[in-house]
Structures are given as C-alpha cells and as structure tokens.
Amino acid sequence: MSEEEYSKTIALQKQTAYRYKGKAVYKYRLNIPTDIIEKLGWQRQGIKLRIRVVKNKKLEISERDSQR
C-alpha cells in the first residue's frame with residue numbers, strides 16, 4: 001500500500017428508519033472513522049457527498065461539488 005493509500009475495515013449497519021403498513025423500512029449506515037474524515041478534509045457538518053457504484057461492486061464516494 002502506498003503512502004497515499006489508507007484503508008480500514010468498517011461495518012455496514014442496518015437500522016430501522018420507520019414502520020409503514022406494519023413493515024419495517026430500513027436505512028443503512030457506514031460509519032467512517034475520524035482519522036479518515038480528517039485525511040479527506042471533510043470535517044465541516046452537512047457536507048454533500050456523491051456515491052456511485054463502479055465495477056466489481058465497489059463504491060466511489062466524493063464531494064458533490066467537486067464532480068461539476
């Protein structure tokens with residue numbers, strides 16, 4: 001792994017968002033560790049992110065404004 005690359009293992013968390021017609025509707029969370037957030041410079045609250053599914057079931061996450 002090069003100095004520019006940094007990785008950690010995180011867990012996908014499933015959470016009940018609300019119930020509709022007797023059935024649970026879920027949302028999913030990825031909690032990103034603070035040290036990774038700091039490396040990305042995403043400390044400000046309410047930052048808008050864009051998430052894309054790319055080949056081989058991988059995710060690409062970036063700041064929304066940087067993709068314009």
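## Classes in the pocket lining

Ala, Val, Leu, Ile, Met, Phe, Trp, Tyr, Cys and Pro count as nonpolar here, Asp, Glu, Lys and Arg as charged, and the others, Gly among them, as polar. Sorted that way, the lining of the largest pocket comes out at eleven nonpolar, one polar and five charged residues. One thing to keep in mind from the start: this is a predicted model.

## The overall layout

Let's step back to the chain as a whole. It has one helix and four strands, and reading from the N terminus the order is β-β-α-β-β. The strands are β1 (12-20) and β2 (23-30), followed after the helix α1 (34-40) by β3 (49-54) and β4 (58-63).

How much of the chain is buried? Buried residues come to 6% of the 68 residues. As for contacts with a separation of 6 or more, 11% of those in the chain are between residues 24 or more positions apart.

## The largest pocket

Back to the pocket, which has a volume of about 570 Å³. The lining consists of 17 residues, and the ones nearest the pocket's centre are Tyr6, Ile36, Leu40, Leu59 and Ile61. Helix α1 and strand β4 each put at least two residues into that lining.

Two of the residues nearest the centre are worth a closer look. Ile36 belongs to helix α1, while Leu59 belongs to strand β4. Are they buried or exposed, or in between? Ile36 counts as buried because its relative accessibility is 17%, and the cut-off for buried is under 20%. Leu59, with a relative accessible area of 47%, is partly exposed.

## Who touches whom

Leaving out residues up to four places away in sequence, Leu59 touches Leu30, Ile51, Arg52, Val53 and Val54. Leu30 falls within β2 (23-30), and the other four fall within β3 (49-54).

On the helix side, Ile36 touches Tyr6 and Lys8, again leaving out residues up to four places away. Tyr6 is also among the residues nearest the centre of the largest pocket. There is a backbone distance to go with this: the C-alpha atoms of Ile36 and Ser7 are separated by 8.3 Å, with their positions 29 residues apart along the chain.

Asp35 is in helix α1 too. Which residues does Asp35 touch, not counting those up to four places away in sequence? The answer is Tyr6 and Lys8. Asp35 counts as partly exposed, because its relative accessibility is 25%.

## Two lysines with positive phi

Most residues other than glycine have a negative phi, so a pair of lysines stands out for a quick check. Lys21 has a positive phi of about 50 degrees, and Lys57 has one of about 60 degrees.

Where do these lysines sit? Lys21 is in the loop between β1 and β2, and Lys57 is in the loop between β3 and β4. Lys21 has a relative accessible area of 72%, so it counts as exposed. Lys57 has a relative accessible area of 82%, so Lys57 is exposed as well.

## Rings and charges

How many aromatic pairs does the structure hold? The count is zero. An aromatic ring does turn up in another kind of arrangement, though: the charged end of Lys14 sits over the ring of Tyr26, at 4.1 Å from the ring's centre. Going by the strand ranges, Lys14 falls within β1 (12-20) and Tyr26 within β2 (23-30).

Conventions: Residues are numbered from 1 along each chain as its sequence is written. This is a predicted model: local features need pLDDT of at least 70, side-chain atom pairs count only at pLDDT 80 or more; totals for chains, interfaces and linings use all residues. Side-chain values use heavy atoms; hydrogens and water are left out. Buried means under 20% relative accessible area, exposed over 50%, partly exposed in between (1.4 Å probe, protein chains only). Rings of Phe, Tyr and Trp (its six-membered ring) pair if their centres lie within 6.5 Å; planes under 30 degrees apart count as stacked, over 60 as edge-to-face and the rest as tilted. A charge sits over a ring if NZ of Lys or CZ of Arg is within 6 Å of the ring centre and within 35 degrees of the ring normal. On a 1 Å grid over the protein atoms alone, a cavity is a set of points where a 1.4 Å probe fits but cannot get out, and a pocket is an open set with protein on both sides within 12 Å along at least five of seven lines; lining residues have an atom within 4 Å of a point. Grid points are joined across faces, edges and corners, and a volume is the space filled by probe spheres set on the points. Contact means heavy atoms within 4.5 Å.
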